[in-house]
Amino acid sequence: MEWTYPKRLRLGMTIGFCQLHHDSPWIDEVMVKLRILCKARGYDVFIAKSMTYESDLEDVKRAEQFQYMMTTAPCDLVIMLDDIEAELSFLDHLNYEVIGDYRKGFVGRGRCTGIHAALHKHCGLVTYYGPFGRELVGADRDTIDTLFAAVEGTLRVIEPLPEPPRGAIGTELGSGILLGGCMETLGQLTDTPYGVEALVRANAEDTILLLEDTSLPHHDRDAIFKRWKVSNVLNMIAGVVAGHMSTNKALSHGIPWRDTEEDTCDIGDAALRYMEEDRSFDDADPFVCYVSTGGDGPRYTLPLGADIHFRYISNTIVISPYTKG
């Protein structure tokens with residue numbers, strides 16, 4: 001796959017905030033605070049008009065809104081204000097060639113995983129898996145710093161990682177293109193044009209799959225892994241970056257990275273087991289490393305489509321340049 005690098009955000013540029021559903025009661029207060037935050041960082045702010053429900057035209061209107069933000073809107077980066085509530089069918093109405101020409105950065109997570117996958121498939125645009133605009137209000141300094149480091153193109157090393165790696169311990173480096181996102185949404189995209197299978201096969205280089213665990217029940221997560229196993233995806237990828245949302249004690253019972261139903265299992269451990277099953281002896285051993293992407297933070301913003309290198313010995317991730325101009 002040939003990748004298109006987004007424009008590097010520089011001081012004086014404009015950050016656009018987008019929402020693809022109806023107004024929320026918190027939006028005015030949040031936007032006031034986001035203006036203050038961005039101004040303090042040296043950036044202007046552009047706020048897209050919120051969507052309203054229009055029966056049969058919902059998909060078309062959402063596509064028009066997103067197309068505008070990623071192209072002719074007066075902004076250089078697009079951050080989703082909140083997760084999308086709509087079906088992902090609006091992705092079929094976008095003009096990806098034009099979006100690729102504008103090379104605007106895009107930030108979002110959760111169900112926005114579908115948007116990332118569509119942008120990767122149709123225009124090879126590197127995107128950012130990171131916090132929503134509303135999550136930046138009141139976020140810790142590290143979360144905000146890592147977001148701006150990512151979109152400004154200065155994110156090079158993530159260390160120290162919060163958990164020891166699993167798998168091919170002792171080898172020097174695991175390299176590949178980072179793809180993926182929220183595991184629940186990736187599971188819903190299975191057997192669609194934006195599924196993991198299609199992206200992994202289209203990516204000529206080794207893939208490292210980001211899997212953010214959003215407290216998905218153990219049996220649902222296992223079912224997703226089994227579907228991917230049947231399609232041979234887990235034997236094709238080099239490794240997994242396990243993100244996690246359940247660092248909050250109320251969700252994880254005080255055990256970071258652990259499954260909420262079965263304390264002996266975590267997403268990284270489960271992924272490793274499936275990657276190792278029936279793996280060819282000619283293929284490199286798979287690995288799993290952990291990155292904090294949510295919960296109590298810091299929430300790292302990760303460039304999807306970027307070339308990353310995992311160092312086993314130091315338990316760090318090194319990221320190659322992923323922005324241009």
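# Cavities, rings and a buried helix

Student: What makes the lining of the second largest cavity divide into 3 nonpolar, 2 polar and 4 charged residues?

Tutor: That lining is Arg109, Tyr129, Gly130, Pro131, Glu135, Glu212, Thr293, Arg299 and Tyr300. Ala, Val, Leu, Ile, Met, Phe, Trp, Tyr, Cys and Pro count as nonpolar, Asp, Glu, Lys and Arg as charged, and the others, Gly among them, as polar. So Tyr129, Pro131 and Tyr300 are nonpolar, Gly130 and Thr293 are polar, and Arg109, Glu135, Glu212 and Arg299 are charged. Before we go on: this is a predicted model, where local features need pLDDT of at least 70, side-chain atom pairs need 80 or more, and totals for chains, interfaces and linings use all residues. Numbering runs from 1 along each chain as its sequence is written, and side-chain values use heavy atoms, without hydrogens or water.

Student: Why is that space called a cavity?

Tutor: On a 1 Å grid over the protein atoms alone, a cavity is a set of points where a 1.4 Å probe fits but cannot get out, and lining residues have an atom within 4 Å of a point. The whole structure has 3 of them at 30 Å³ or more. The largest has a volume of about 50 Å³, and the second largest about 40 Å³.

Student: Which elements supply at least two residues each to the lining of the largest cavity?

Tutor: They are H4, strand E8 (173–182), helix H8 (196–202) and strand E9 (207–213); helices (H or I, at least four residues) and strands (E, at least two) are DSSP runs, numbered from the N terminus. Among the lining residues are Thr113, His116, Leu179, Val196 and Leu209. The split here is 7 nonpolar, 4 polar and no charged.

Student: How do you know that helix H4 is largely enclosed by the rest of the structure?

Tutor: Count its residues: 9 of the 11 in H4 (residues 113–123) are buried, hence the verdict. Buried means under 20% relative accessible area with a 1.4 Å probe, protein chains only. The buried set includes Thr113, His116, Leu119 and Cys123. Just after H4, Gly124 takes a positive phi of about 60°.

Student: What does Leu119 touch, leaving aside its neighbours within four places in sequence?

Tutor: Phe66, Met70, Tyr96, Ile99, Phe106, Gly124, Leu125 and Thr127 are in contact with Leu119, where contact means heavy atoms within 4.5 Å. Leu119 is also, with Ile115 and Ile317, one of the residues touching the most other members of the largest nonpolar core, which has 82 residues. Such a core is a set of buried Ala, Val, Leu, Ile, Met, Phe, Trp, Tyr and Cys residues joined through side-chain atoms within 4.5 Å.

Student: Why is the pair of Tyr128 and Tyr322 called edge-to-face?

Tutor: Their centres are 6.1 Å apart, with 75° between the planes. Rings of Phe, Tyr and Trp (its six-membered ring) pair if their centres lie within 6.5 Å; planes under 30 degrees apart count as stacked, over 60 as edge-to-face and the rest as tilted, so this pair passes both tests. Tyr128 sits in strand E5 (residues 127–129) and Tyr322 in the segment after strand E14 (316–319), 194 residues apart. Tyr128 counts as buried at 1% relative accessibility, and Tyr322 at 0%.

Student: What makes Phe225 and Trp228 about one helical turn apart?

Tutor: They are 3 residues apart in helix H9 (residues 218–230), hence about one turn. An α-helix has 3.6 residues a turn, so residues three or four places apart point the same way. Phe225 and Trp228 also make an edge-to-face pair, at 6.1 Å and 80°, and together with Tyr274 they form one aromatic cluster.

How values were computed: Buried < 20%, exposed > 50% of the residue type's maximum accessible area, 1.4 Å probe, protein only. 1 Å grid on protein atoms, 1.4 Å probe; cavity = no way out; pocket = protein on both sides within 12 Å on 5 of 7 lines; lining within 4 Å. Points joined across faces, edges and corners; volume = space filled by probe spheres on them.
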